[in-house]
Amino acid sequence: MSVLGTSPERSDADAKLRGQAIFGADLSRTGMLWAALARSPVAAGRIRAIDPAPALRGDGVLEVLTSADVPDWRTGVIVSDTPLLAAGSVAYEGEPVAIVVAESRTAAEAGARAVALDIETAEPVSTPEQALEPGARLVHPDWNRFAVAGGEDIGRNGNVVAEVVHDPGDLDEAFAAADIVVEGTYRTPRQYQAHLEPKMALATYESGRFTIEVSHQYPFRLRDRVAQITGVAPSAVRVVGHHIGGGFGAKLDVSLEAFVALLARRFRRPVRMQHTALEERLVAPCRANAIVAVRSAVRRDGTILATDVEIVSDSGAYANNGPALSSIPMFVFGSIYRVGTARIRTRNVYTNTAPTGAYRGVNGPWLVFANERHMDAIADALGRDRRDFRLASLARDGDLMRNGQPLTEASILREAFDRVDELAPWRDIVSRNQAQRGIVSRNQAQRDAGARTSQPAESDADVLRGAGQAAAIWLTNPMPGHATVKLNEDGTATVITSATENGSGAVATGLRQIAAETLGLAADAVTITMPDTDATGYDAGSQGSRTTHVVGRAIADAAADVRTQVLDRASRMLEAAPEDLVITDGVVTVAGVPAASLTLGAVAQAATWSDGPITAGASYVTPTPPHDPACATGMLIKGWPTPTYHLHQAEVSVDTVTGRVTVDRYVVCQEVGRAIHPDAIAGQIQGGVAQGLGFALSERVDLDHGRYVQRTFKAHGLPLAEDVPKVEMIVMEHADPAGPYGAKGAAEPPIVPVAAAVANAVSDAIGVPFDTLPITPEAVLEALEAEPNGETVARAAREPVVNRDGEQERETTGRAS
């Protein structure tokens, strides 16, 4: 019986449920020192003095180090702009300026608070708009001295970290031929990953090598980054991974690890660091805040002739992944919808705020939010049904994305629209919502007239309802993976890999099932090791839905090699041809002769003492899809490999008295290639939608002069269980020939369309466009009160405004944010 498509228990379930799993935050070593960072209390300023004396007077404090005591070069993932400790100036609140080393955590943290900092405060560059103003203060006056990996030209200039431009040069002609021009500006805030386990690191130094123990999503990047910062060869750094208490992208790059490495070498003792709850929030690499302006030239028949997109995203004080992520708009605009020609310009800019980074789906949620809100705006301007307009605009198989990559399976998205409509018919929902608006309108009219009646109020007389859809295409991260599969002498198998289990179940379920299926074993007969960069081949970590597809492919290939070795050895033992043998439930049998059989354990033992242990390794990297390498300047991500297709549909209720938005129903149609572990996929969809709802409706990561306003979970506004409906799921399987048993990525996409679908539904409900997130009750009430006499509830709103441009009459709909 196949183990694929079943949902066996996670390999880590028992240990985690019993509290026996060892997370990074649980680690300790005999003789261990603790360290803590003194951080800048201001967003921008010049360091005049750092006085360690108050800290050194504390009990147990051993030393205070500043920038003069650590390597003085700058490093980074793409742009080498980040110092280990600030020297001369600080660029964001929370930037490290000194390290305090002590015998205990309490002493280290007290010492860090005691370090006396004299910083001459400067007016921070707080927003992307400020960063781009003519004559704006430069966050890094010496920006042109920063090295860029590979010498790439990424369009850097002053406060612009990176710029990607795709401009075919034919937009003016297309806009001149338009009947209407639809414009919108879409604004989204940062989003904090909100993982429960804080970042930590523990380092030892022995015989010229560092060993760093962590809870980290990407051990090999960590190895290379620590080597870069400390100035040693990557082979001099060993990274050992432990269970991860959440990450969602926040644990993909270096954080505390280089500090503990340097201190372990300096003191020749184990050194441990761990963020406090406040530090986690101050320096978290949040999803970037962004502004997306979209302008489309449209014919009255609904044909989109051209789209002009201008994007500004906030990198914070340092570049981090911003230059690479600036390529992603190329795969969102003009991909799933036919838009004629398109110009796309993306600028990622420095501000005096904490550096932004990766959060599940990276900038997908805010890019799809802008794209799908804009599709609604065009449909409204045309007077078209929003679903019908999307269907009429969908890309077809063979259409090209902006990078020249052909969409070979675009028709999957049309299937998704059909499947969702079977479950939740759009026209029925729209009709029901229109009837409800009539009830609210009559109730409002009675209130306005001051009418008194003995008639009971109509049901839900203050509740407006709306529906919204959002579609997306998303990639499966292609970066390299490696695995070794070993058949043990007891007939079980061990997979040796540095793929990390960050909670998705990709390692704890899917990878085990792939190995088990290939070897004819039960899933619980397969063990997967914890990450160790000394013992495994390179793996690009838990990111971008890549683990099941990429590492799974490596495991499938390695396990197939092991299977071949088993059949070869067993054929000699059973005196039968290899092609006549089958492996089922850990037993090798001659087909049709059940008595002629051997256990896998017997075969493994025989091989170990004759030819040697049965083992095999394999690697896999997804090939870059065909594309036009000259399609844009500054583009680092060239292709959109192993794409998957998705449609979300939201139904909401809006209380016109309180402004509260309730998500009544949420339907997801997600394409996954092959559902290896259906329950794990369902968990990822439910969780992704929950995170997306927080981004859309309630989470606050506000900045005031460069400093975060919300500093606790209580103030943050994470969605509660009562805020999240049970998601209705449709899983489509369209096998990828390159994937393990057809699997593609599944974990990232569920968050990507959520904010767009919900915003479209709320806008539909109240008749006012919501182009800024989050959609809080206060924002809803403000929108309702802005409309005269509450008439918003009874009309479609968003009527186009007629402009004249020379002899060409056109309509331009402007979208206020």
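Which residue stands opposite I212 in β11? I started my notebook with that one, and I found V239 there. A reminder to myself before going on: this is a predicted model.

**Entry 1: the seven-stranded sheet**

I212 made me look at the strands around it. I see β10, residues 209-214, joined to β11 by 5 bridges, and the two strands run parallel. Next I traced the whole sheet. I get 7 strands in an open sheet, in the order β3-β5-β1-β12-β9-β10-β11, and the pairing is mixed. Which strands are at the edges? I find β3 (61-65) and β11 (237-241), each of which pairs on one side only. I also looked up the twist: neighbouring strands here are turned by 25° against each other on average, direction ignored.

Then I checked which helices pack on this sheet. I noted α3, residues 105-114, which touches β1 (33-39), β3, β5 (96-102) and β12 (271-274). The direction of α3 makes about 20° with that of β1. I noted α7 too, residues 257-267, with contacts to β1, β3, β5, β9 (200-206), β10 and β12. For α7 I have an angle of about 30° with the direction of β9.

**Entry 2: the four-stranded sheet**

I moved on to another open sheet, this one with 4 strands in the order β16-β24-β25-β28 and mixed pairing. I find β16 (463-474) and β28 (728-732) at its edges; each has a single partner strand, so one side of each is left without a neighbour in the sheet. Neighbouring strands are turned by 10° against each other on average here, direction ignored.

Looking at β25 (residues 661-671), I count 5 bridges to β28, and these two run parallel. Which residue of β28 does V668 stand opposite? I got M729.

Helices again. I see α17, residues 678-698, packing on the sheet and touching β24, β25 and β28. Its direction makes about 135° with that of β25. I also have α13 (residues 426-449) lying across β16 and β24 (644-655), and α13 runs at about 150° to β16.

**Entry 3: two hairpins in a row**

I went to β20 (residues 581-584) and β21 (residues 587-590), which run antiparallel with 4 bridges between them. The bridge partner of T584 in β21 is V587. I read the connection as a hairpin with 2 residues between the strands, and D585 in the turn has a positive phi of about 50°.

I then followed β21 onward to β22 (residues 593-599). I find 4 bridges here, and the strands run antiparallel. V587 turns up again, standing opposite T599 in β22. What is phi like at G592, in the hairpin of β21 and β22? I wrote down a positive value near 85°, in a hairpin with 2 residues between the strands.

**Entry 4: α10 against α11**

I looked up how α10 (residues 364-382) packs with α11 (residues 386-393). The angle is about 110°, and the axes are 9 Å apart. That makes α10 roughly perpendicular to α11, since 65 to 115 degrees is the range for that word.

For the contact itself, I listed E372, M375, D376, I378, A379, D380 and L382 from α10, which meet R386, F389, R390 and S393 from α11. I sorted these residues into 5 nonpolar, 1 polar and 5 charged.

**Entry 5: aromatic pairs**

How many aromatic pairs does the model have? I come to 9. One of them is Y205 with F210, a tilted pair at 4.9 Å centre to centre with 50° between the planes. Both Y205 and F210 are buried.

I spent longer on F220 and Y538. Their ring centres are 4.8 Å apart and their planes stand at 40°, so I call the pair tilted. Why does this pair tie together distant parts of the sequence? F220 lies in helix α6 (residues 219-230) and Y538 in the loop between β19 (526-528) and α15 (546-574), so the pair joins parts that are 318 residues apart in sequence.

Buried or exposed? I checked both rings. F220 has 3% relative accessibility, so I count F220 as buried. Y538 is at 29%, so Y538 goes down as partly exposed. Last jotting: I see ring pairs linking Y218, F220 and Y538 into a cluster.

Terms used
Residues are numbered from 1 along each chain as its sequence is written. This is a predicted model: local features need pLDDT of at least 70, side-chain atom pairs count only at pLDDT 80 or more; totals for chains, interfaces and linings use all residues. Side-chain values use heavy atoms; hydrogens and water are left out. Two strands pair if DSSP finds at least two bridges between them. Axes are lines fitted to C-alpha atoms, for helices over the stretch in contact, and angles run from 0 to 180 degrees between N-to-C directions. Contact means heavy atoms within 4.5 Å. Angles under 35 degrees count as roughly parallel, over 145 as roughly antiparallel, 65 to 115 as roughly perpendicular and the rest as oblique. Ala, Val, Leu, Ile, Met, Phe, Trp, Tyr, Cys and Pro count as nonpolar, Asp, Glu, Lys and Arg as charged, and the others, Gly among them, as polar. Rings of Phe, Tyr and Trp (its six-membered ring) pair if their centres lie within 6.5 Å; planes under 30 degrees apart count as stacked, over 60 as edge-to-face and the rest as tilted. Buried means under 20% relative accessible area, exposed over 50%, partly exposed in between (1.4 Å probe, protein chains only).
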